[in-house]
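This report goes through one protein model, from its helix and nonpolar cores to its voids and backbone exceptions. The sequence and coordinates are shown first.

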Amino acid sequence: MGNGPAPFSDIGKRAKDLLYKDYNFDQKFSLSIPNTTGLGLVATGLKKDQIFVGDINTLYKSGNTIVDVKVDTYSNVTSKITVNDILHGTKAALSFNIPDHKSGKLYVHYVHPHATIDSSIGLNPSPQLEVSAAIGSKDLCLGAEVGFNTTSASFTKYNAGIAFNRPDFSAALMLADKGQNLKASYIHYVDRPDGLTVAAEITHRFSSFENRFTIGSSQSIDPVTVLKTRFSDDGKAALQVQRAWRPNSLITLSAEYDSTKIFGSSTRLGLGLALKP
């Protein structure tokens, strides 16, 4: 990417990751086994209430080609083949699910010094087309995305956003949900030894004139432990502790308290364990 803009999907991503990433209120386990020959294996399991689901994912790399195959608990097979640099700055990918013969989709990603374009189209008789683009630089970029259903000849989505990035902060403004919501996000990296970072997200809904906000923070307790907090105007408070108990292996504890919940449990707890030998 160099000094060019990030993809449109990355607008506001820094604040969103701090506020929501890795918060898990179920029991999740993953085991990653890399291989120097280019073949990798990832096994994932998730226990939600009394239901357990899992999948096994294999990733094979050879030259500029990546083959990704995933099989889940219900014997569904998801495959994706990616070819990098088929043209200068361009990569393409083909995905399909088995047994769904109408699930095929073609992706094209193009990077220019001052623009990034992503597109996808379904490989079926009535495909859905999606295109997103961002122009500018790594410091300031403007982007938009559209989705079009060829069967109904209607737009399934259209969003636009702008982002301003500096080494110590990032701000983004997004017109989302077909122009129904205006979202503003901000993240600031405080110059402190513990790496304190704070973020906020505000959403205004035009139809109801409703405003919602979420604030959060992240800081290191010690060299291998990170503490995250999150508070929102709907009365929910969340806490996350993530510890690297060995190189490349993480244990994550998450908790959330809902002050508005009168009946039932107002607290949710979650555990995540990611192992990588």
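The text below describes local features of this predicted model.

**Helix H1 and its surroundings**

Helix H1 spans residues 13-20, and its buried residues are Ala 15, Leu 18 and Leu 19. These three lie on the same side of H1, because they cover an arc of only 95° around the axis. In general, an α-helix has 3.6 residues a turn, so residues three or four places apart point the same way. The packing partners of the buried residues of H1 are four strands: S13 (181-189), S14 (197-205), S15 (210-222) and S16 (225-232). After the helix comes Asp 22, which has a positive phi near 70°.

Ala 15 belongs to helix H1. Its relative accessible area is 4%, which is under the 20% limit, so Ala 15 counts as buried. Beyond its neighbours within four places in sequence, Ala 15 is in contact with Ser 185, Tyr 186, Ile 187 and Ala 199. Ser 207 is 192 residues from Ala 15 in sequence, and the C-alpha to C-alpha distance between the two is 25 Å.

**Nonpolar cores**

The largest nonpolar core has seven residues: Phe 8, Ile 11, Cys 141, Ala 163, Ala 172, Met 174 and Ala 176. Strand S12 (residues 169-176) gives the largest share of this core, three residues. A second, separate core has five residues, among them Ala 15, Leu 19, Ile 187 and Ala 199. As a general tendency, nonpolar side chains in soluble globular proteins are buried together.

Ile 11 is a member of the largest core. With neighbours within four places in sequence left aside, the contacts of Ile 11 are Cys 141, Gly 143, Gly 161, Ile 162, Ala 163, Ala 172 and Met 174.

**Cavity and pocket**

How many cavities of 30 Å³ or more does the model hold? The count is one, and the largest cavity holds about 30 Å³ of space. Its lining consists of Gly 12, Lys 13, Arg 14, Ala 15, Ser 170, Ala 171, Ala 172, Ser 185 and Ile 187. H1, S12 and S13 are the elements that give two or more residues to this lining. Ala 15 thus appears in the cavity lining and in the second core, while Ala 172 appears in the cavity lining and in the largest core.

The largest pocket has a volume of about 530 Å³. It is lined by 26 residues, of which Lys 28, Ser 30, Ser 32, Val 42 and Ala 274 are the closest to its centre. Two or more lining residues come from each of the strands S1 (27-33), S2 (39-48), S3 (51-62), S18 (249-258) and S19 (267-275).

**Two buried polar residues**

Asn 181 is placed in strand S13. It counts as buried because its relative accessibility is 7%. Its side chain forms a polar contact of 2.5 Å with the side chain of Asp 177. Not counting residues up to four places away in sequence, Asn 181 touches Met 174, Leu 175, Ala 176, Thr 203, His 204, Arg 205 and Phe 206. Of these, Met 174 and Ala 176 are also listed in the largest core.

Ser 254 is in strand S18, and with a relative accessibility of 4% it is buried as well. The side chain of Ser 254 reaches the backbone nitrogen of Asn 24 at 3.4 Å. Residues touched by Ser 254, apart from those up to four places away in sequence, are Asp 22, Tyr 23, Asn 24, Phe 25, Leu 239, Gln 240, Arg 268, Leu 269 and Gly 270.

**Backbone exceptions**

Most residues other than glycine have a negative phi, and most peptide bonds are trans. The table lists two residues with a positive phi.

| Residue | Phi | Location | Relative accessibility |
|---|---|---|---|
| Ser 75 | near 65° | loop between S4 (65-72) and S5 (77-87) | 57% |
| Asp 85 | near 55° | strand S5 | 58% |

Ser 75 is exposed, and so is Asp 85. The peptide bond that joins Ile 98 and Pro 99 is cis, with omega at about 20°. Pro 99 sits in the loop between strand S6 (90-98) and strand S7 (105-112).

Notes: Residues are numbered from 1 along each chain as its sequence is written. This is a predicted model: local features need pLDDT of at least 70, side-chain atom pairs count only at pLDDT 80 or more; totals for chains, interfaces and linings use all residues. Side-chain values use heavy atoms; hydrogens and water are left out. Buried means under 20% relative accessible area, exposed over 50%, partly exposed in between (1.4 Å probe, protein chains only). The arc is that of the directions from the helix axis to the C-beta atoms. Contact means heavy atoms within 4.5 Å. A nonpolar core is a set of buried Ala, Val, Leu, Ile, Met, Phe, Trp, Tyr and Cys residues joined through side-chain atoms within 4.5 Å. A polar contact is a pair of N or O atoms within 3.5 Å; within protein, one must be able to donate a hydrogen and the other to accept it, and residues adjacent in sequence count only if both atoms are side-chain atoms. On a 1 Å grid over the protein atoms alone, a cavity is a set of points where a 1.4 Å probe fits but cannot get out, and a pocket is an open set with protein on both sides within 12 Å along at least five of seven lines; lining residues have an atom within 4 Å of a point. Grid points are joined across faces, edges and corners, and a volume is the space filled by probe spheres set on the points.
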